[in-house]
Structure formats: C-alpha cells, structure tokens
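Please look through the structure shown here together with its sequence, and follow the report strand by strand. It begins with the turns and pairings and then moves on to the rings and the enclosed spaces.

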Amino acid sequence: MSEKLGDFLLHHVSNTYERTDSTLRTQVNWELKDNELWGSGFNTLTVEHDMKNPNATSGKCLWAGEVFLPDGTRAMGWDEGTWEATDEHTWKVEVTGWNSLDGNTRTEGVISLAERTFSGSVYKA
C-alpha cells in the first residue's frame, strides 16, 4: 500500500453543463475548507455522459484544482480516472495524477449525491 498523504472532505458548490456532439459534459465544482494539510481550495470533477445512455453506472472522469496552503503558498494538480455508481446516491471515484505539492498521487473517494459531499484519501503514487 502506498503512503497515505491525507484525507479530505469537499462540499458541492455548483455544476455546469456543455453539449459536445452526443455527450453532455458535466463539470462539478467542489470546495475544500480549512483542511489541516491542504488548507482551502477549489476543484472541478469533469464527467462526459453519453446522452443516449443517461443512466450509465460508470465512466471516465477528470479532476483539476488548486489549494491555498496553510503557510500561504499555493498548489495545483490534475488527475484522470473513473467513477462508478455504487448505489443510487453514491459514486466511487478513483483517479491518479500529479500535483505541485506531492508529485504523483492516487486518490480514492466517495461522492454522496444525497449529502452533496466528496470525501476520501490521497496517496503517494
């Protein structure tokens, strides 16, 4: 198992939507508040849905964002991976990527559609 860097709890801010050919691109915006390790910040999860299959239970996703660290500096990162519906109100998200604070990382988390939160852990990749 990789070294665990920390845990997070994000709160939903808003969604934006864009039509691209036969897909609907959804960008879900999240806010991190007062995290001991990463401070505060904003992140966006991007998912492309096939408009002919609106009830798909899995797919690819992208993640990007920035945080404002407790020491006053800033870090940015991106990830790519997958989402999977585990029940009607929960998505499991697994992504890998890179950020300017920790380098290569792997993130595992759960989106609660009912609570509008995204919680999970980040590991060194």
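## Strands, turns and pairings

In this predicted model, strands β1 and β2 form a hairpin with 2 residues between them, and D21 in that turn has a positive phi of about 55°. The positive value stands out in that D21 is not a glycine, and the residue belongs to the loop between β1 and β2. D21 has a relative accessible area of 71%, so this residue is exposed.

A second residue of this kind is R116, whose phi is near 55°, again a positive value in a residue other than glycine. R116 is found in the loop between β7 and β8, and because its relative accessibility is 54%, R116 counts as exposed.

The strands on either side of these turns can be followed through their bridges. Strands β1 and β2 run antiparallel and are joined by 10 bridges, and within this pairing H12 stands opposite W30 of β2. Strand β2 is in turn joined to β3 by a hairpin of 3 residues, and N29 has T44 in β3 as its bridge partner. Further along, G41 stands opposite V67 in β4, while K60 stands opposite T82 in β5. The hairpin of β4 and β5 has 5 residues between the strands, and there G72 takes a positive phi near 95°.

The table sets the four antiparallel pairings side by side.

| Strands | Sense | Bridges |
|---|---|---|
| β1 and β2 | antiparallel | 10 bridges |
| β2 and β3 | antiparallel | 11 bridges |
| β3 and β4 | antiparallel | 8 bridges |
| β4 and β5 | antiparallel | 11 bridges |

When reading any of these strands in the structure, it helps to keep in mind that in a regular strand the side chains alternate between the two faces of the sheet.

## One residue in its surroundings

E84 offers a view of a single position within a strand, since its place is in β5, which covers residues 74–87. Is E84 buried, exposed or partly exposed? With a relative accessible area of 38%, E84 is partly exposed, because this value falls between the 20% under which a residue is buried and the 50% over which a residue is exposed.

Leaving aside residues up to four places away in sequence, E84 touches T57, S58, T90, W91 and K92. The chain also brings E84 and G59 to a C-alpha to C-alpha distance of 6.7 Å, although they are 25 residues apart in sequence.

## Aromatic rings

A search of the whole structure finds 4 aromatic pairs. In one of them, the rings of W63 and F118 have their centres 5.3 Å apart and their planes at 85°, so the pair is edge-to-face. This pair links distant parts of the chain, since W63 is in strand β4 (residues 58–68) and F118 is in strand β8 (residues 117–124), 55 residues apart.

Both partners are shielded: W63 has a relative accessibility of 13% and so counts as buried, and F118, at 2%, counts as buried too. Ring pairs link W63 and F118 with F8 and W30 into a cluster, and this W30 is the residue that H12 stands opposite in the pairing of β1 and β2.

## Pocket and cavity

What volume does the largest pocket have? The volume of the largest pocket is about 260 Å³. Its lining consists of 14 residues, of which N15, T26, V28, W91 and L113 are the closest to the centre; W91 is also among the residues that E84 touches. Strands β1 (4–20), β2 (23–35), β3 (39–50) and β7 (103–112) each supply at least two residues of this lining. Sorted by class, the lining of the pocket has 8 nonpolar, 5 polar and 1 charged residues.

The structure also holds 1 cavity of 30 Å³ or more, and about 380 Å³ of space lies in the largest cavity. This cavity is lined by 26 residues, and N43, W63, V67, N99 and V122 lie nearest its centre. Two of these names have appeared before: W63 is part of the edge-to-face pair with F118, and V67 is the residue that G41 stands opposite. Strands β1, β3, β4, β5, β6 (90–99), β7 and β8 each supply at least two residues of the cavity lining, which by class has 17 nonpolar, 6 polar and 3 charged residues.

Technical notes: Residues are numbered from 1 along each chain as its sequence is written. This is a predicted model: local features need pLDDT of at least 70, side-chain atom pairs count only at pLDDT 80 or more; totals for chains, interfaces and linings use all residues. Side-chain values use heavy atoms; hydrogens and water are left out. Helices (H or I, at least four residues) and strands (E, at least two) are DSSP runs, numbered from the N terminus. Buried means under 20% relative accessible area, exposed over 50%, partly exposed in between (1.4 Å probe, protein chains only). Contact means heavy atoms within 4.5 Å. On a 1 Å grid over the protein atoms alone, a cavity is a set of points where a 1.4 Å probe fits but cannot get out, and a pocket is an open set with protein on both sides within 12 Å along at least five of seven lines; lining residues have an atom within 4 Å of a point. Grid points are joined across faces, edges and corners, and a volume is the space filled by probe spheres set on the points. Ala, Val, Leu, Ile, Met, Phe, Trp, Tyr, Cys and Pro count as nonpolar, Asp, Glu, Lys and Arg as charged, and the others, Gly among them, as polar. Two strands pair if DSSP finds at least two bridges between them. Rings of Phe, Tyr and Trp (its six-membered ring) pair if their centres lie within 6.5 Å; planes under 30 degrees apart count as stacked, over 60 as edge-to-face and the rest as tilted.
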